[in-house]
Amino acid sequence: MQSNRRVPSWASALIGLVSGAVAVGISLLVAGLVKPSAFPVVAVGNSVVDLTPAPLKEWAIRTFGESDKTVLLAGILLILAAIAAALGRAAVRDLRYGLAGLAAFGLIGVVAVLTRPGSGLMDVLPTLAGVGAAAYALRRLVRQALVPVEAPAEPYRSVSGGADAVGAAGAAHDTGSALSTGQPQEPGEHHASSTPPVMRAGNDLYAFDRRGLLTGALGGVALAGVAGVAGRALSGRAEVSAARGGITLPRPVKPLAPLPAGVDFRIKGLSPFVTPNNDFYRVDTALVVPQVDPRDWTLTIHGMVDRPVELTFADLMKRAVVEADVTLCCVSNEVGGPYIGNARWLGVSLAGVLRDAGVQKDADMLLSTSADGWTAGTPVDVVMDGRDSLLAFGMNGQPLPVEHGFPVRQVVPGLYGYVSATKWVTDIKVTRFDRDEAYWTPRGWSAKGPIKTESRIDLPRDGATVPAGKTVVAGVAWAQHKGIDAVEVRIDQGPWRQTRLAKAPTADTWRQWVLDDWDATPGSHTIEVRATDATGYTQTGDRAPITPNGATGWHTITVEVA
Ligand SMILES: Nc1nc2c(c(=O)[nH]1)N[C@H]1C(S)=C(S)[C@@H](COP(=O)(O)O)O[C@H]1N2
Ligand SMILES: [Mo]
């Protein structure tokens with residue numbers, strides 16, 4: 001595109017600013033995908049910091065204190081904006097000037113990025129993507145601001161007919177009002193007042209199309225915004241995962257003995273006693289997993305307490321650390337369903353923290369809130385009755401996985417997750433069930449959710465075909481905080497047969513069971529299971545749906561014996 005100085009200066013500056021925003025947004029997005037520190041604005045900032053003479057640095061710290069980095073970044077962005085506006089004006093004069101300026105600018109970014117410690121060739125991607133996107137935006141916006149028009153009359157000759165001809169016809173009627181707000185005409189230029197106002201660029205005729213530019217600018221800003229927000233979210237993920245990787249878990253005051261071999265029959269196809277973190281079921285309402293940096297995390301305990309408490313992650317790690325084997329279970333687990341898992345949790349006593357805060361006598365509910373605003377309502381008496389209720393930060397020897405609540409979650413043995421197991425927990429309000437409601441209560445679920453005694457057949461699989469002869473039937477049973485005393489199996493509605501139980505370290509975990517003497521005869525067979533807990537209660541065969549407080553019934557499978 002050729003020169004034309006008739007585009008008002010605000011418009012050419014806008015073209016530059018929007019292109020600059022696109023550059024920043026796209027490079028943030030690509031940096032989020034590739035490597036957050038390869039975001040060129042930050043790389044340039046870090047280089048500026050490194051190149052700043054010490055006295056100036058000290059002055060900046062003295063003057064701006066903790067916000068010195070913010071001030072520096074704001075300064076860089078301001079300079080960037082000024083340069084972008086200038087590039088826009090150059091590009092309107094001649095697109096090549098704008099593109100050349102952009103390239104020079106990209107070079108600074110590339111040098112800054114490549115000279116950072118630990119950089120690699122991939123680190124140039126965010127800069128290149130940003131500059132490339134800005135070049136595209138610049139070209140497009142200039143085209144949207146300047147449309148070729150048909151010559152209305154002599155002395156101008158139409159040269160339109162290029163790619164923009166169709167758009168120009170539609171845009172031409174819009175140019176009158178736009179131009180009237182434009183800059184004064186240059187000496188020597190003139191046009192008949194009866195014809196659409198046009199501008200000349202070389203031999204070409206162009207009109208400033210304000211609506212076209214503003215539409216394009218809006219699109220550019222939207223693109224930059226979406227890309228930037230997505231990029232930030234992606235970088236946050238990398239930062240949190242780095243912070244998680246940097247955590248050394250403290251040692252428990254009284255480490256639990258290693259699990260005895262007898263807890264796990266080690267039968268292929270049977271749920272292992274300890275569910276590996278990667279296989280642990282996940283249930284939550286989070287569309288995007290909350291990224292909570294432990295350095296920013298605090299837990300506030302307030303409401304009906306004598307001394308409100310605010311704990312940092314470091315505070316938590318300084319308390320007496322305990323371990324507990326607890327089987328977590330979801331109220332939405334259908335009979336025979338997969339939403340259950342067992343882990344060795346590491347954390348601090350929730351009851352202990354609450355005692356420090358001083359829970360008032362008439363409080364009966366803990367309303368815990370997660371970083372993303374989800375809530376659970378947990379009975380105070382259950383948490384305080386001596387069971388291993390935890391603010392957990394470790395799971396099976398690892399820092400809590402991000403999707404399982406990093407940095408801190410609640411674990412309360414014996415209660416379904418929806419009333420107890422708040423992940424990414426940041427706030428606990430001590431209150432009353434008659435004053436507050438947690439997330440799932442108004443959605444049709446009971447305010448209180450003790451786990452029901454249940455059992456599941458893992459082997460054989462429902463619908464499987466197995467060879468005739470000795471066949472292993474095995475599974476798990478649970479009645480957290482009560483304990484499992486017996487598991488029985490019956491085949492084709494025959495007599496109930498006792499199964500062999502694996503060990504369980506406490507009453508808070510599930511327990512494996514196996515029936516090893518089933519002599520399977522050819523044909524179709526149904527297998528049913530039922531558990532009896534340590535209170536003497538045998539699980540009911542009555543089927544109940546998962547709402548409002550958990551499914552009941554005997555897990556029943558059918559197998560074909562060949
Ligand atoms: N922040 C938050 N925590 C939550 C939930 C949630 O939706 N948001 N769901 C709960 C439910 S219903 C269950 S069963 C458990 C599941 O924990 P897991 O995903 O670690 O297995 O988390 C609980 N904690
Ligand atoms: Mo759940």
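A residue counts as partly exposed when its relative accessible area falls between the limits for buried, under 20%, and exposed, over 50%. In this predicted model, tryptophan 496 has a relative accessible area of 21% and is therefore partly exposed. Tryptophan 554, at 18% relative accessibility, is classed as buried.

The rings of these two tryptophans form an edge-to-face pair, because the centres of tryptophan 496 and tryptophan 554 are 5.1 Å apart and their planes stand at 75°. The pair connects distant parts of the chain, with the two positions 58 residues apart in sequence numbering. Tryptophan 496 belongs to the loop between strand S17 (484-491) and strand S18 (497-498), whereas tryptophan 554 is located in the loop between strand S21 (523-533) and strand S22 (556-561).

In total, the structure contains eleven aromatic pairs. One of them is formed by phenylalanine 280 and tyrosine 281, whose ring centres are separated by 5.5 Å and whose planes are at 20°, so this pair is stacked. Phenylalanine 280 is buried, its relative accessible area being 5%. Tyrosine 281 is likewise buried, with a value of 12%.

Further aromatic residues are grouped in a single cluster made up of Trp374, Tyr418, Tyr439, Trp440 and Trp445. Tyrosine 439, a member of this cluster, also has a charged residue over its ring: arginine 443 lies over the face of tyrosine 439, 3.8 Å from the ring centre. An arrangement of this kind is also found at phenylalanine 433, where lysine 448 lies over the face of the ring at 4.7 Å from its centre.

Tyrosine 281 recurs in the surroundings of the ligand. Ligand 1 has 19 residues around it, of which Tyr281, Thr285, His404, Arg409 and Lys423 come nearest. Tyrosine 281 thus appears in this group and in the stacked pair with phenylalanine 280.

Polar contacts to ligand 1 involve both oxygen and nitrogen atoms of the ligand. A polar side-chain atom of lysine 423 is placed 2.5 Å from a ligand oxygen atom, and a polar side-chain atom of arginine 409 is 2.7 Å from an oxygen atom of ligand 1. On the nitrogen side, an N or O atom in the side chain of serine 370 lies 3.2 Å from a nitrogen atom of ligand 1. On its own, ligand 1 has 530 Å² of accessible area, and the protein covers 99% of this area.

Terms used:
Residues are numbered from 1 along each chain as its sequence is written. Chains are lettered from A and ligands numbered from 1 in the order in which they are written. This is a predicted model: local features need pLDDT of at least 70, side-chain atom pairs count only at pLDDT 80 or more; totals for chains, interfaces and linings use all residues. Side-chain values use heavy atoms; hydrogens and water are left out. Rings of Phe, Tyr and Trp (its six-membered ring) pair if their centres lie within 6.5 Å; planes under 30 degrees apart count as stacked, over 60 as edge-to-face and the rest as tilted. Buried means under 20% relative accessible area, exposed over 50%, partly exposed in between (1.4 Å probe, protein chains only). Helices (H or I, at least four residues) and strands (E, at least two) are DSSP runs, numbered from the N terminus. A charge sits over a ring if NZ of Lys or CZ of Arg is within 6 Å of the ring centre and within 35 degrees of the ring normal. A residue is near a molecule or strand if one of its heavy atoms lies within 4 Å of it. A polar contact is a pair of N or O atoms within 3.5 Å; within protein, one must be able to donate a hydrogen and the other to accept it, and residues adjacent in sequence count only if both atoms are side-chain atoms. Accessible areas come from the Shrake-Rupley method with a 1.4 Å probe; for residues, only the protein chains shown count as cover.
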